[in-house]
Amino acid sequence: MKGSVKKSIVTRVRLAFLGVCLFSCAIVWKVSRIQFKEGEKWRALEQERRIVYQPVFATRGNIYSDNESIMATSLPFFRVAWDPSVVDKKTFEGGVDSLSLLLSRFFGDRTPDEYERRLKNAKNDKLRYVRLNSRQINFQEKKMLAKWPIFRGGKNKGGVIFEKVDKRFRPFGGLAQRTIGFLNEDKNGAGLEFTYNRHLAGKDGEALFERLPGGNKPIYDGTEVKPQPGYDVKTTLDINLQDVAENALYKSLVDNSAQYGCVILMEVQTGEIKAVANLGKVADGVYREDYNYAIADQGRTEPGSTFKLASMMALLEDNPSLSLDDTVNTGRTGSMRIAGAVKTDTHAYGQLSVKQVIEKSSNIGVAKLINDHFSPNPSKYTDYLKKFGLHQPLGFQMAGRPGRISRTRTTGRGAGPRSAPCALATS
């Protein structure tokens, strides 16, 4: 009995040993096959996945005022990376101390010893891409870094890589902020930036990048497609008048504790819009331009005193014998029922001339004149409004608008004509 048990155990051990040997041999065989027979295939696949085409973003166009002052532009910033594989031993050893000291003083996030250790480790590990710092530097700083030890050899001998990043900048700060507008990462926004994004954005290019630990390194092999810069947009906005309009609007809103208000300043000879200001209350005495009241949808609201001009135009057009010196009685209480509705004025004006009705913006005066003349045929009055085009959208050249106020003008950019139709401009 003992002999049979012992024999069974030995058999099982031998079978297990044989299984381990066969499994080991299979691993060796598979490794050898992958290494020698299929090596080229897998190396090519790895190279294919490591080298990828990525977009190279175009420089966004500028937005100008009427005198070509820049209201919005894209400024180039750069991230600093390094490829130690292209730097020869002599250059590296001769400049690593000085470069480490300069990097430490400039970025201020590591000591010179820490930067030196990082540079040497990258060189010894034969890395091909190291981002030295995530901070974005401006163009003048880029020029300064390009003169530092090792870096002065450029990207081919010094290994320095300046990765360009464009940032939108408004030289006049918040002036005309809502009109200039914005565009977020989801391609949503407002104002000219959003409305003319297709023109301002330009056409992105593409280039080969190598995926490496720490980031993607660009490969300049001649196959890259250069990006085309965006068109510029030139507006009719006047910077000085825009500043005056915004300050006047703010003062008026504060004095009257109003909820919101807007200003549109037009040059009557040309129809050009010279200023658009919008302010809404966010706290007591605090107003912010967070909505475009000037052109955006306001829902079902009264047109206000501006509509009196259209009414008086219809009246004078249909009744040329009416004189500005003719009079109308607006009452002594500042309130009067006209055609079934009560009209009120801020003051009791009594007898007013047609000229004074317009000057004082009398609700009662305008309503009484229109009712007395057009009540026999009300559709005649509305026909005049349609003749003026007030029943049609204006077709204003900016998103979030009910209509159009102006025509277009284009402007060139750079060596070639890079221009786009623009809102708030004339031809």
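1. Helices and strands are here DSSP runs, with at least four residues for a helix (H or I) and at least two for a strand (E), numbered from the N terminus. On that basis, the protein chain of this predicted model comprises 14 helices and 17 strands.

2. As to burial and long-range contacts, the protein chain has 427 residues, of which 36% are buried. Of the contacts between residues at least 6 apart in sequence, 65% link residues at least 24 apart.

3. The exposed area of the protein chain is about 25,900 Å². Carbon and sulfur atoms account for 54% of that area.

4. Ser257 deserves a comment on its backbone. Its phi is near 50 degrees, which is a positive value in a residue other than glycine. Ser257 lies in the loop that runs between α10 (239–256) and β11 (260–267). Because its relative accessibility is 47%, and partly exposed covers values between the 20% and 50% cut-offs, Ser257 is classed as partly exposed.

5. Ser361 calls for a similar remark. The phi of Ser361 is near 55 degrees, again positive in a residue other than glycine. The loop between α12 (354–360) and α13 (363–374) holds Ser361. With a relative accessible area of 28%, Ser361 is not under the 20% limit for buried and not over the 50% limit for exposed, and therefore counts as partly exposed.

Methods: Residues numbered from 1 in each chain as written. Predicted model: local features only at pLDDT ≥ 70, side-chain atom pairs only at ≥ 80, totals over all residues. Heavy atoms only, no water. Buried < 20%, exposed > 50% of the residue type's maximum accessible area, 1.4 Å probe, protein only. Contact = heavy atoms within 4.5 Å. Areas by Shrake-Rupley, 256 points an atom, 1.4 Å probe, with all protein chains shown as cover.
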